[in-house]
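Hi everyone, thanks for making time. Today I'd like to walk you through the empty spaces in a protein model that may be new to you. Let's bring it up on the screen.

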Amino acid sequence: PGTYRPYDLGEEMGIWVKNSDGITPAVGQAWPPGSSVFPDYTNPRTVEWWTQMCLELKDVLDYDGIWIDMNEPSNFLRGQYPGCAVNDINNPPYVPSISDRSLAQKTLCPDSKTYLGEHYNTHSLFGWSQTAPTFNVVQQATEKRAFVLSRSTFVGSGKHGGHWLGDNFSQWKDMHLSIIGVLEFNLFGIPYIGADICGFNYNTTYELCLRWMQLGSFYPFSRNHN
């Protein structure tokens, strides 16, 4: 506190995703050193905060677009500190075959509170609710056609941002699968889509990267990320 304006202003405006008590901010861990809090983009006040922060950033860094990453929301912990309570929301009768079979794995506890309700019901809307205000403020800040790239998407996200297919591998089969993924996301209404050309994980090879660059030139969103 007192050293980082985005946090100080967000704290003042009360915009963070809350713990199950609906009062205290959910505190987890992400890329920044120390702990992290999570803006609740379903809250109209968060849109005000985000708009102001993006406009102020334009005066510091003359950007053309914004890449919003880790917005599932992603958390390096299994739920926030000090862990998730034992209840039916955090541990429902049926859990899909996901990492560690826990809905809190690498994100927040399902009983966390957002403006629209429990995180259990709003988790999939986190990235979606960040994309539209980001698109709008980039248009406002640059006075040009906005470029927004979001890792988390939902129905309607394609109106305001593009997407990429996630952390693939430097393997021939992943290059093959990227064609399917790009075509599928066009069906999902997100036409600005691409895969990490040459792969994200592992080291690529000359032949693989050459062929992937040739293929990737036809992706709507074309980026070598290896």
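Let me begin on the inside: the largest cavity holds about 40 Å³ of space. Please keep in mind that this is a predicted model. How many cavities of 30 Å³ or more does the structure hold? Just one.

So who sits around that cavity? Its lining is made up of Asp40, Tyr41, Thr42, Thr114, His119, Thr122, Phe126 and Ser129. Two elements, α3 (119-122) and α4, each give two or more residues to that lining. Sorted by class, five of the lining residues are polar, two are nonpolar and one is charged.

Now let's turn to the largest pocket. About 1000 Å³ of space lies in it. Around the largest pocket there are 34 lining residues, and if you'd like to find its centre on the screen, look for Tyr4, Pro32, Val37, Pro39 and Trp49, which lie nearest to that point. The elements giving two or more residues to this lining are α1 (5-13), α2 (44-60), β1 (65-68) and α4 (126-142).

Which element provides the largest share of the pocket lining? That would be α2, with seven residues. As for classes, the lining of the largest pocket has 25 nonpolar residues, along with seven polar and two charged ones.

One last thing to look for as you turn the model: α4 is named for both spaces, giving two or more residues to the lining of the largest cavity and two or more to that of the largest pocket. Thanks for listening!

How values were computed
Residues are numbered from 1 along each chain as its sequence is written. This is a predicted model: local features need pLDDT of at least 70, side-chain atom pairs count only at pLDDT 80 or more; totals for chains, interfaces and linings use all residues. Side-chain values use heavy atoms; hydrogens and water are left out. On a 1 Å grid over the protein atoms alone, a cavity is a set of points where a 1.4 Å probe fits but cannot get out, and a pocket is an open set with protein on both sides within 12 Å along at least five of seven lines; lining residues have an atom within 4 Å of a point. Grid points are joined across faces, edges and corners, and a volume is the space filled by probe spheres set on the points. Helices (H or I, at least four residues) and strands (E, at least two) are DSSP runs, numbered from the N terminus. Ala, Val, Leu, Ile, Met, Phe, Trp, Tyr, Cys and Pro count as nonpolar, Asp, Glu, Lys and Arg as charged, and the others, Gly among them, as polar.
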